[in-house]
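Here are a few exercises to work through with the model open beside you. Try each task before reading its solution.

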Amino acid sequence: MNPGLPGLQRWMLDALLAPRRTEGIDARLTASPMLDARARLAIYQRSYILRLVKCLAEQFPALRHALGAPLFDDFAREYLAACPSDAYTLYELGRRFPGWLEESRPDRELPPDEREDWIDFMVDLARYERELFRLFDAPGHEGGVWPTVDVPDARLVLQPCFALAQYRYPVAWYYHEVRHERSPAFPPAHPSYVAIARRDYLTATFPLNPVHFQFLCALHKLGSVDEALQAVALEVERPLAEVRRSWDDAVRGPWIQAGFFVEREGEI
Amino acid sequence: MPDLGLGVGLRNCHFGHILAESPAVDWFEAISENFMDSGGRPGHVLRQIAERYPVVLHGVSMSIGSTAPLDRGYLARLKRLADEVRAVWVSDHLCWTGIAGINSHDLLPLPLNDETLRHIVARVREVQNILERPLILENPSTYIGFRDTTIAEPDFLRALADETGCGLLLDVNNVYVSCFNAGTDPVAYLDAFPFERVVQMHLAGHQNCGTHLIDTHDGPVCDAVWELFRLAWQRSGGASTLLEWDGDVPPFEQVHDEVLRARGFMEGAFDRSRLTGSAPAREASISTPVDFLVPGVMESNRLEAG
């Protein structure tokens, strides 16, 4: 291998990641009839950051709306400097963005109740948008047979392309308002619980009440409807029969129809 | 390699039209990385399209020129996808995209010299062994020149193909863009190009920024590139040709009509005087557009009533 090639590639990558610190350009690059070497390199430097900021903007459209384009782009640039892409696909570019927003918040040393509300909102909104993006192309159950209401509880398990999340703000509502170009205002804090499921390649978000959220979390953890019902009955201090009746009468059918479940394979 | 005719780059915004209308396009080229890990609709659609049309895979992240080790996991996924869709061939670019675990997502140029050639020859052989098929490599659009370059790009590609048996994808627009940016003659480039190794050609639009051209894939092919294509078509003996349109992508029919314009440039005498002039200047153009790398994922969501 050319012993100079590793050094040259390190130099050029550094020139993309930190363009202001680039030195030694004329020693490595030639001028063209119309541009000097620095201006030619600048084409790559400019495209690198514009391309990736644009990519993040497409992955976090509601967050960009909430922050405004200039501030979002500033955050995106800082994020890309701290967390340059580590994957061969741009699908992963925003994977660490919500975590980076949380870790880099200026009030992170303060107790939670003294922190800035709007930062909590931004972090939650970023988490929600990332989850939508992930589920778009995650392995799912399309092509398989979906259970009907006749399938017994013992055979129901959560489908593979499914997520549960809780937020401090109604971020799913906010996101869809933005997508419908309704320019929503910054919403007041209000806990929200959602299930996100993909069926027939369409991802839908289902707002949940806290008990339903608890039940689905228990089902995700325990893998059994019966055990999840028992866990929730204990948690909410209600008779199991009452919880089971609620499940049978009001919840089970709509959730099966919505595609929350697939049928467990093999023996029960 | 078979002559596939005139094809179109497969883009997510056209999925519905292609599946519903089965347009009379000869073949499709899919961006490998958009489908290699797809458990969702993109993979599902590609499998359906592969049932109806010849499909070629075109990658942007193999990083054949990188000094970082080859990503064997990437190559294994690429082979699996190529086998699954019965890819007629698999292509990528003569470039590097990153090192040290960082991907720039750009098609970065290389200094072309003997030592770089040896480095890439070894990697192409390794890739071909893993993929169990020849690799097809494309000339990238370039905006810089290296002092360490001692071999002209056509000669480098000829030597690479001779050493490894790889095929070549001649991007005619990239020839025009790179030669303009370097102040060199695109006809001289084609005079030196090893056409006997050309498996496929690319066409695309670019932007003229005055002092340089940028390969933006966001508009129709300009007259100068069509004229250069006439020369390349005749010298290649009519290689499979594909149009890339990745930014501001119009309806499918318009993209298809654009590639069909190639029929008007297959015959007739090449006229060098038509090589001047290109698309109008536009500010803030981005090379290697991302639209085709990040399809409209965020469009397919709905919020149920609470």
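**Exercise 1.** Are helix 3 of chain A and helix 5 of chain A roughly parallel or roughly perpendicular to each other?

*Solution.* Keep in mind that this is a predicted model. Start by finding the two helices in chain A: helix 3 covers residues 37-59 and helix 5 covers residues 69-82. Next, take the angle at which they pack, which is about 115 degrees, with 10 Å between their axes. Angles from 65 to 115 degrees count as roughly perpendicular. Helix 3 of chain A and helix 5 of chain A are therefore roughly perpendicular to each other. To finish the picture, add the handedness: helix 3 of chain A passes helix 5 of chain A in a right-handed crossing.

**Exercise 2.** Which residues meet where helix 3 of chain A packs on helix 5 of chain A?

*Solution.* From helix 3 of chain A, pick out Ile49(A), Leu52(A), Val53(A), Leu56(A) and Ala57(A). Their partners in helix 5 of chain A are Phe72(A), Asp73(A), Ala76(A), Arg77(A) and Leu80(A).

**Exercise 3.** Describe how the two domains of chain A touch.

*Solution.* First, set the bounds: the domain assignment gives domain 1 as 30-136 and domain 2 as 138-268 in chain A. The centres of these domains, taken over C-alpha atoms, are 30 Å apart. Now look at the contact itself, where 17 residues of domain 1 of chain A meet 17 residues of domain 2 of chain A. On the domain 1 side, helix 7 of chain A gives the most, with 14 residues.

**Exercise 4.** Where does the largest nonpolar core lie with respect to the two domains of chain A?

*Solution.* A general tendency is a handy starting point: in soluble globular proteins, nonpolar side chains tend to be buried together. Here the largest nonpolar core has 161 residues, and Leu125(A), Val172(B) and Leu203(B) have the most contacts inside it. Helix 7 of chain A, residues 117-136, gives the most to this core, with 10 residues. Domain 1 and domain 2 of chain A both give residues to the core, so it lies between them. For a close-up in chain B, select Leu203(B): the residues it touches include Val172(B), Val221(B), Phe229(B) and Leu243(B).

**Exercise 5.** How many residues does each chain bring to the contact between chain A and chain B?

*Solution.* Chain B brings 54 residues and chain A brings 57 residues. On the chain B side, the elements that each supply at least two residues include helix 2 (41-52), helix 4 (114-131) and strand 6 (102-108). Strand 6 of chain B gives the most to that side, with 6 residues.

Definitions and conventions. Residues numbered from 1 in each chain as written. Chains lettered and ligands numbered in written order. Predicted model: local features only at pLDDT ≥ 70, side-chain atom pairs only at ≥ 80, totals over all residues. Core = buried A, V, L, I, M, F, W, Y, C linked by C-beta atoms within 7 Å. Buried ≥ 20, exposed ≤ 12 C-beta atoms within 10 Å, placed from the backbone. Helix = DSSP H or I, 4+ residues; strand = E, 2+ residues; numbered from the N terminus. Domains from an automatic or database assignment. Contact = placed C-beta atoms within 7 Å. Axes fitted to C-alpha atoms, helices over the stretch in contact; angles between N-to-C directions. Parallel < 35°, antiparallel > 145°, perpendicular 65-115°, else oblique. Left-handed = near helix turned anticlockwise from the far one by under 90°. Lists of a residue's contacts leave out its neighbours within four places in sequence.
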